[in-house]
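Let's talk through a structure together, with a few questions about why its parts are described the way they are.

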Amino acid sequence: MPTAISWERATVTSSDRVSARCEELLDTRPETLREAARDFGGLVHAPPLGVLRPRSAAEIKDALAYAGPRGIPVAARSGGHSLYGQGQADGGIVLDLGELSAVGPVTGDRVEVRAGALWRDVLAATLPHGLAPPVLTDYLGAGVGGVLSAGGLGGASHRHGLVADSVLELEVVTGAGEHLVCSPDRHGALFHAVPAGLGQVAVIVRATLRLAPAPALVRRYCLYYPDLDGYLSDQHLLATDRRFAYLEGQARPLEDTAGGWHYMVEAVAAHQGPTPPDDTALLADLSFDSAEITDLGYAEFADRVAEDEEILRASGEWLHPHPWLNLLLPEDTAASVVTDVLADPAFTDLRENGLVLLYPLLTRTLRAPLFRRPHGEVVLLLALLRTAAPGAADPMVAANRTAFEYARAKGAVAYPVNALPMSPADWREHYGSQWGTLAEAKSVHDPHGVLGRGHGLWL
Ligand SMILES: Cc1cc2nc3c(=O)[nH]c(=O)nc-3n(C[C@H](O)[C@H](O)[C@H](O)COP(=O)(O)OP(=O)(O)OC[C@H]3O[C@@H](n4cnc5c(N)ncnc54)[C@H](O)[C@@H]3O)c2cc1C
């Protein structure tokens with residue numbers, strides 16, 4: 001009937017058009033939903049309503065304009081390496097940022113990166129200019145958006161802080177559907193709520209990152225310590241005098257029947273060749289037992305986990321559950337927490353099929369206000385990285401929770417890339433004095449509370 005048609009036309013608003021476009025673009029195929037309900041952790045499987053693959057900030061804005069007023073959860077997905085469903089949207093919309101992955105241009109000492117890029121792509125674009133991000137995590141297959149949301153820790157953190165501390169400017173779409181460019185001087189409160197902000201207030205579309213000169217070569221020193229006290233004492237010295245470009249370390253199981261551990265500093269000196277680092281000057285005052293020294297190209301060193309990934313993919317273990325626990329320990333209780341957790345029968349499998357990272361960070365270098373850390377000049381990352389047989393992970397997640405509570409009572413803080421159930425009360429405690437700032441930013445920029453629900457911060 002003509003009158004009805006003209007009535008319909010007259011009431012088709014731009015918001016209706018956005019809704020129609022979002023619904024049309026939503027990929028709801030069963031295999032897509034299954035894939036979006038998977039992450040590296042392999043522990044949480046929350047199928048969304050559908051997946052959108054935005055090609056521009058405008059499309060992200062449309063998605064949030066659609067989802068916000070309807071209260072539909074939205075999760076951004078960059079590399080898909082969440083551990084416990086943090087990048088999933090139960091009954092909501094997953095924004096798969098794979099189409100937004102361009103890197104460049106590199107201009108002077110900075111680079112523009114889209115949030116869906118992987119760090120491997122970022123490094124590939126900057127190295128031809130002799131430059132690299134000042135801090136990289138151990139794994140370059142993670143996504144730009146996800147690492148900036150977590151903070152990002154690596155071997156250069158004792159010198160340069162978080163990966164996220166090198167962000168100069170961000171282009172974001174907030175949960176309220178505002179498309180903004182922010183920096184410390186422009187929409188400063190919003191800018192400070194995004195790096196290490198667990199995707200709670202905005203979806204990162206693009207970041208401008210500061211770069212530093214990249215070395216051509218690195219010399220890697222693996223220094224072995226029989227006892228934890230000697231190890232921690234040298235790690236303190238190395239973190240504070242910053243003689244190495246890169247500093248990490250591990251607890252490693254001894255091949256004895258008594259269940260003992262020894263410890264390994266992994267330190268790297270960068271150089272351009274032909275003059276190699278002075279080993280004697282670097283090592284003379286340290287108390288290690290034995291050392292292995294190797295020379296590597298910088299690019300090979302930076303992407304060293306790629307080889308492990310290939311092996312684990314071939315064996316199928318890459319797709320097994322990963323009940324990982326990352327904690328930041330204050331220096332004064334670190335030795336007792338490490339000793340007790342490593343002796344806990346619930347973590348025995350770490351000896352056979354796991355990796356224990358234990359390395360120092362200098363707190364004054366960690367600048368993003370939402371990145372929480374224990375008190376003290378030096379804190380230690382304790383990363384308990386386990387792989388479970390399919391179906392066997394639940395007790396390991398429960399053990400993570402017990403270890404977290406034990407460590408928290410001794411001043412530890414979670415580094416929130418974890419397979420760790422956390423209640424809103426835990427999060428309030430986690431953020432402490434920053435909780436009010438985060439809650440204020442949330443109410444302004446994500447008033448419908450649709451973003452980042454997978455972390456479980458809010459009731
Ligand atoms: C093998 C391996 C090694 C690792 N090593 C380190 C390490 O050395 N140091 C370290 O710090 N971490 C490390 N991690 C952890 C990793 O940095 C985090 O899990 C990171 O969040 C993964 O990012 P992603 O984009 O790949 O994952 P995703 O699952 O896509 O994203 C992770 C989280 O960030 C949010 N997010 C993603 N994109 C955006 C965006 N554009 N805007 C807003 N929010 C967004 C997601 O919603 C989700 O909550 C490692 C992980 C793996 C698998």
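The questions below go from the ligand to the core and then to the backbone.

Q: What kind of model is this?
A: It is a predicted model, so please read the values below with that in mind.

Q: What makes the pair formed by S78 and a nitrogen atom of the ligand a polar contact?
A: The cut-off is a pair of N or O atoms within 3.5 Å. A polar side-chain atom of S78 lies 2.7 Å from a nitrogen atom of the ligand, so the pair counts as a polar contact. A polar side-chain atom of S149, at 3.0 Å from a ligand nitrogen, therefore also counts. On the oxygen side, a polar backbone atom of Q86 is 3.1 Å from a ligand oxygen. The protein buries 93% of the 960 Å² that the ligand exposes when taken alone.

Q: Which residues come nearest to the ligand, and which helix gives the largest share of the shell?
A: A76, S78, S82, L153 and Y415 come nearest, out of 32 residues around the ligand. Helix α6 gives the largest share, with four residues. By class, the shell has 15 nonpolar, 15 polar and two charged residues.

Q: Which residues have the most contacts inside the largest nonpolar core?
A: They are W119 and L153, in a core of 134 residues. Strand β17 (residues 378-386) supplies the largest share of this core, seven residues. Leaving out residues up to four places away in sequence, W119 touches P133, L136, V163 and L209, among others.

Q: Why is A196 called buried or exposed?
A: Buried means under 20% relative accessible area. A196 has 4%, so it counts as buried. Its place is in the loop between α8 and β9, and its phi is near 60°, a positive value in a residue other than glycine.

Q: Why is H187 described as partly exposed?
A: Partly exposed covers the range between under 20% and over 50%. H187 has a relative accessible area of 42%, so it falls in that range. H187 lies in the loop between β8 (179-182) and α8 (188-192), and its phi, near 50°, is positive too.

Q: How do you know that the side chain of R351 makes a polar contact with G260?
A: A polar atom of the R351 side chain lies 3.1 Å from the backbone oxygen of G260, and the cut-off is 3.5 Å, so the pair qualifies. R351 is found in helix α14 (residues 350-353).

How values were computed. Residues are numbered from 1 along each chain as its sequence is written. This is a predicted model: local features need pLDDT of at least 70, side-chain atom pairs count only at pLDDT 80 or more; totals for chains, interfaces and linings use all residues. Side-chain values use heavy atoms; hydrogens and water are left out. A residue is near a molecule or strand if one of its heavy atoms lies within 4 Å of it. A polar contact is a pair of N or O atoms within 3.5 Å; within protein, one must be able to donate a hydrogen and the other to accept it, and residues adjacent in sequence count only if both atoms are side-chain atoms. Accessible areas come from the Shrake-Rupley method with a 1.4 Å probe; for residues, only the protein chains shown count as cover. Helices (H or I, at least four residues) and strands (E, at least two) are DSSP runs, numbered from the N terminus. Ala, Val, Leu, Ile, Met, Phe, Trp, Tyr, Cys and Pro count as nonpolar, Asp, Glu, Lys and Arg as charged, and the others, Gly among them, as polar. A nonpolar core is a set of buried Ala, Val, Leu, Ile, Met, Phe, Trp, Tyr and Cys residues joined through side-chain atoms within 4.5 Å. Buried means under 20% relative accessible area, exposed over 50%, partly exposed in between (1.4 Å probe, protein chains only). Contact means heavy atoms within 4.5 Å.
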